[in-house]
Amino acid sequence: MMNLRTRLLLVNSLAMAFLIGALVISYWHMLLNKQQTWLLTMITLGAAILSSVAFSWLTLPITRSIRTLAQYSAQVADRIFDAPLGQVGGAAEIRDLASSLYQMSERLQESFTALEAVERTRRELVANISHDLRTPMASIQSYVEALQDGVVERPEETKRYLQTIHNETRRLSALVDDLFDLSKLEAGQNIMKVQPHRIDQVLADVFDTHRLLLSEKQIEIVANVQDDLPVLWISIEKIHRVCSNLLDNAITHTTPGTAIEITVTRLNHSIVEVSIADHGEGVETMHRQRIFERLYRTDPSRARATGGAGLGLAIAKRLVELHGGDIGVRDRDDRSSGAVFWFTLPINAVS
Ligand SMILES: Nc1ncnc2c1ncn2[C@@H]1O[C@H](COP(=O)(O)OP(=O)(O)OP(=O)(O)O)[C@@H](O)[C@H]1O
Ligand SMILES: [Mg+2]
């Protein structure tokens, strides 16, 4: 393939040859005398030389820029996104092309980084899930084998083994349910049925379902609900789940014998905030963002010992966001040790 400059020069030479040919034919047919022919031929040749020089001079920066752009795109194709683009000039169109190419490479880099991050978390997720599934399964297996081998003889011991198997199975199935819910939520396959409901009513129900757990750990609930709260448009079942996940955590982390404070306030004309404050170890600033990611635990060994998979907060966050609210954690107002998990719900956002 001929390059751009050679082509232009060839076209130029052909045009000149055509002109000279025309002059020669005119001379033959005696339309021009010898002197005129000579003069016009000289002028044509002069013009030919001038235009060839002009073509070369004009096309040189263009071909150089095109070569630079070609090298640059080859580097982008090799995923070298931060290579310098080099000097590009010649024509406004070429500079436009260069700037779009540069933007394209920046966007490509962004998507690549995002894709790599997604891939990394997927891998972590699979590893963590496998671990969380394997632990209870291994324990079930060893208990079943012990029962089969007849090493357990005393009936109360058999009962204890069966109880453990039962607990582990329940834990497994709760984990699988949570994973299933979360994947449905993340895939956006969740059509919410919202209805007007009182948030303090939901909290009272959640409290009821946790009554036994609370009394086992001698934990008191101190509720502080603002009167004149508006009725909110919520999915009762989903907000129940959010509160329940937060209360579960508070019960797990708070020191036995202390109180968990539940506060509901109207922050302004459009937002209601629910907060659950405990007297546990609190959440360090560096973990505050990440605990809402699925399977993230501040202390994996301890959390595994208590049976947590690290899904509760991720589910709560998705559900609150579905309602158009926000969720987070902060220090206790009185500066004592403990965490305050809060979430907001918009007033009349969905109607
Ligand atoms: N009230 C709290 N005080 C201190 N740390 C907390 C509290 N609630 C949650 N965390 C930290 O955040 C992590 C994530 O919580 P999350 O509810 O998502 O998972 P989990 O309780 O470990 O497991 P799951 O809820 O799936 O059974 C916990 O492992 C814990 O480290
Ligand atoms: Mg939890």
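Reading a predicted model: helices, spread and exposure

In this predicted model, the axes of helix 5 (residues 199-209) and helix 7 (residues 236-253) come within 9 Å of each other and cross at roughly 50°.

Me: Why is helix 5 called oblique to helix 7?
Reply: The axes cross at roughly 50°, and angles under 35 degrees would count as roughly parallel, while 65 to 115 would count as roughly perpendicular. The crossing angle belongs to neither of these ranges nor to the range over 145, so helix 5 is oblique to helix 7. The crossing of the two helices is, in addition, right-handed.

Me: Which residues of helix 5 meet helix 7, and what kinds of residue make up the contact?
Reply: From helix 5 come V202, L203, D205, V206 and T209, and they meet I236, I239, H240, C243, S244 and L247 of helix 7. Sorted by kind, the residues of this contact are seven nonpolar, three polar and one charged.

Me: How do you know whether the protein is a compact globule or more spread out?
Reply: The protein has nine helices and seven strands. Its radius of gyration is 38 Å, whereas the globule rule gives 20 Å for 351 residues, and because the value is well over that figure, the protein is more spread out than a compact globule. Taken along the principal axes, the box filled by the C-alpha atoms is roughly 130 × 65 × 40 Å. Of the 351 residues, 18% count as buried, and among contacts with a separation of 6 or more, 70% are between residues 24 or more positions apart.

Me: What makes S130 count as exposed?
Reply: S130, which has its place in helix 3 (residues 92-148), has 10 C-beta neighbours inside 10 Å. A residue is exposed if that number is 12 or fewer, and therefore S130 counts as exposed. The C-alpha atom of S130 is separated by 43 Å from that of S270, which is 140 residues apart from S130 along the chain.

Me: What is the phi of R79, and why is R79 called exposed?
Reply: R79 lies in the loop between helix 2 (34-77) and helix 3, and its phi is near 65°, a positive value in a residue other than glycine. With 10 C-beta neighbours inside 10 Å, set against the limit of 12 or fewer, R79 counts as exposed.

Me: How do you know whether R335 is buried or exposed?
Reply: R335 has 7 other C-beta atoms within 10 Å, and since buried would require 20 or more and exposed 12 or fewer, R335 is exposed. R335 lies in the loop between strand 6 (327-331) and strand 7 (339-346), and it has a positive phi of about 65° although it is not a glycine.

Methods
Residues are numbered from 1 along each chain as its sequence is written. Chains are lettered from A and ligands numbered from 1 in the order in which they are written. This is a predicted model: local features need pLDDT of at least 70, side-chain atom pairs count only at pLDDT 80 or more; totals for chains, interfaces and linings use all residues. Axes are lines fitted to C-alpha atoms, for helices over the stretch in contact, and angles run from 0 to 180 degrees between N-to-C directions. Helices (H or I, at least four residues) and strands (E, at least two) are DSSP runs, numbered from the N terminus. A crossing is left-handed if the near helix is turned anticlockwise from the far one by less than a right angle, and right-handed if clockwise. Two residues are in contact if their C-beta atoms, placed from the backbone, lie within 7 Å. Ala, Val, Leu, Ile, Met, Phe, Trp, Tyr, Cys and Pro count as nonpolar, Asp, Glu, Lys and Arg as charged, and the others, Gly among them, as polar. The radius of gyration is taken over C-alpha atoms; the globule rule is 2.2 Å times the number of residues to the power 0.38.
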